[in-house]
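Biologist: I'm new to this one, so could you walk me through it? I'll ask, you explain.

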Amino acid sequence: MTTNLIINNQPPQPQPQPQPPTLVAVQSTQWSTGICDCFDDLQICCSGFWCFPCLACATTAYFGECFCLPLMDMITLCPVVSMSMRVAMRYHYKIQGDMGSDCVYSYFFNVCSWCQMAREIKRRRLTLAVLTSQPAYIGAQQMHIQPAVITSQPMISAIP
């Protein structure tokens, strides 16, 4: 799992009333990667190339739909499930676009379209960790937060 890390080392500023820190998350209204940006994530690129049905099924499951849904595209001439997933993902993440482009990408660039959707889910599900050396205020109490290292792997440390 990838973690975004924000480190705030600004000195505390004297304030008459302590204000809680404010974080603003901004999501783009565009796809985070282009349709042909497969090499941005080699794991997804290789999955799409070597085992496309596995990538499509896993992407569908990560999005919260039935795992076997993409297999229905194999029995139809038109990839309706691919197009439906693309439209659903655009609406869910509020990405601009139209059904015409979704239809073209799903029909002519089906593997690239699934790779783009997998990258989008992966990037929008990232965990955010905030580290600060400033005191944090909870209600009227002041709490000092010590900087720490956040890892996605187990870490052994010796504390003296």
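**A first tour of the chain**

Biologist: Before we get to details, how many helices and strands does the chain have?

Modeller: Keep in mind that this is a predicted model. Reading from the N terminus, the elements go β-α-α-α-α-α-β-β-β. Put as a count, that's five helices and four strands.

Biologist: What share of the residues counts as buried?

Modeller: To count as buried, a residue needs under 20% relative accessible area. The chain has 160 residues, and the share of them that passes is 28%.

Biologist: And what part of the exposed area do carbon and sulfur atoms supply?

Modeller: The chain exposes about 11,500 Å². Of that area, carbon and sulfur atoms supply 63%.

Biologist: Let's zoom in on helix H3. How far apart are its end C-alpha atoms?

Modeller: H3 covers residues 80-93, which is 14 residues. At 1.5 Å a residue, the helix should span 20 Å. The model agrees with that, because the end C-alpha atoms of H3 are 20 Å apart.

Biologist: Which helices help cover the buried residues of H3?

Modeller: The residues to be covered are Val81, Ser82, Met85, Arg86, Val87, Met89, Arg90 and Tyr93. What covers them includes helix H2 (52-63), helix H4 (99-108) and helix H5 (110-124).

Biologist: Which ring does Arg90 lie over?

Modeller: Arg90 is one of the buried residues of H3. Arg90 sits 5.4 Å from a ring centre, over the face of the ring, and that ring belongs to Tyr91.

Biologist: What residue follows H3, and what is the sign of its phi?

Modeller: Right after H3 comes Lys94. The phi of Lys94 is near 60°, so by sign it's positive.

Biologist: Now the aromatic pairs: is the one between Phe49 and Trp50 stacked or edge-to-face?

Modeller: A search of the whole structure finds four aromatic pairs. In this one, Phe49 and Trp50 are 4.8 Å apart centre to centre, with 90° between the planes. Planes over 60 degrees apart put a pair in one class, and for Phe49 and Trp50 that class is edge-to-face.

Biologist: Are Phe49 and Trp50 buried or exposed?

Modeller: The cut-off for exposed is over 50% relative accessible area. Phe49 has 63%, and Trp50 has 70%. Therefore both Phe49 and Trp50 count as exposed.

Biologist: What about Tyr107 and Phe108, which form an edge-to-face pair: which one counts as exposed?

Modeller: Their ring centres are 5.0 Å apart, with 85° between the planes. Tyr107, at 47% relative accessible area, is partly exposed. At 59%, the one that counts as exposed is Phe108.

Definitions and conventions
Residues are numbered from 1 along each chain as its sequence is written. This is a predicted model: local features need pLDDT of at least 70, side-chain atom pairs count only at pLDDT 80 or more; totals for chains, interfaces and linings use all residues. Side-chain values use heavy atoms; hydrogens and water are left out. Rings of Phe, Tyr and Trp (its six-membered ring) pair if their centres lie within 6.5 Å; planes under 30 degrees apart count as stacked, over 60 as edge-to-face and the rest as tilted. Buried means under 20% relative accessible area, exposed over 50%, partly exposed in between (1.4 Å probe, protein chains only). A charge sits over a ring if NZ of Lys or CZ of Arg is within 6 Å of the ring centre and within 35 degrees of the ring normal. Helices (H or I, at least four residues) and strands (E, at least two) are DSSP runs, numbered from the N terminus. The expected span of a helix is 1.5 Å times one less than its number of residues. Contact means heavy atoms within 4.5 Å. Accessible areas come from the Shrake-Rupley method with a 1.4 Å probe; for residues, only the protein chains shown count as cover.
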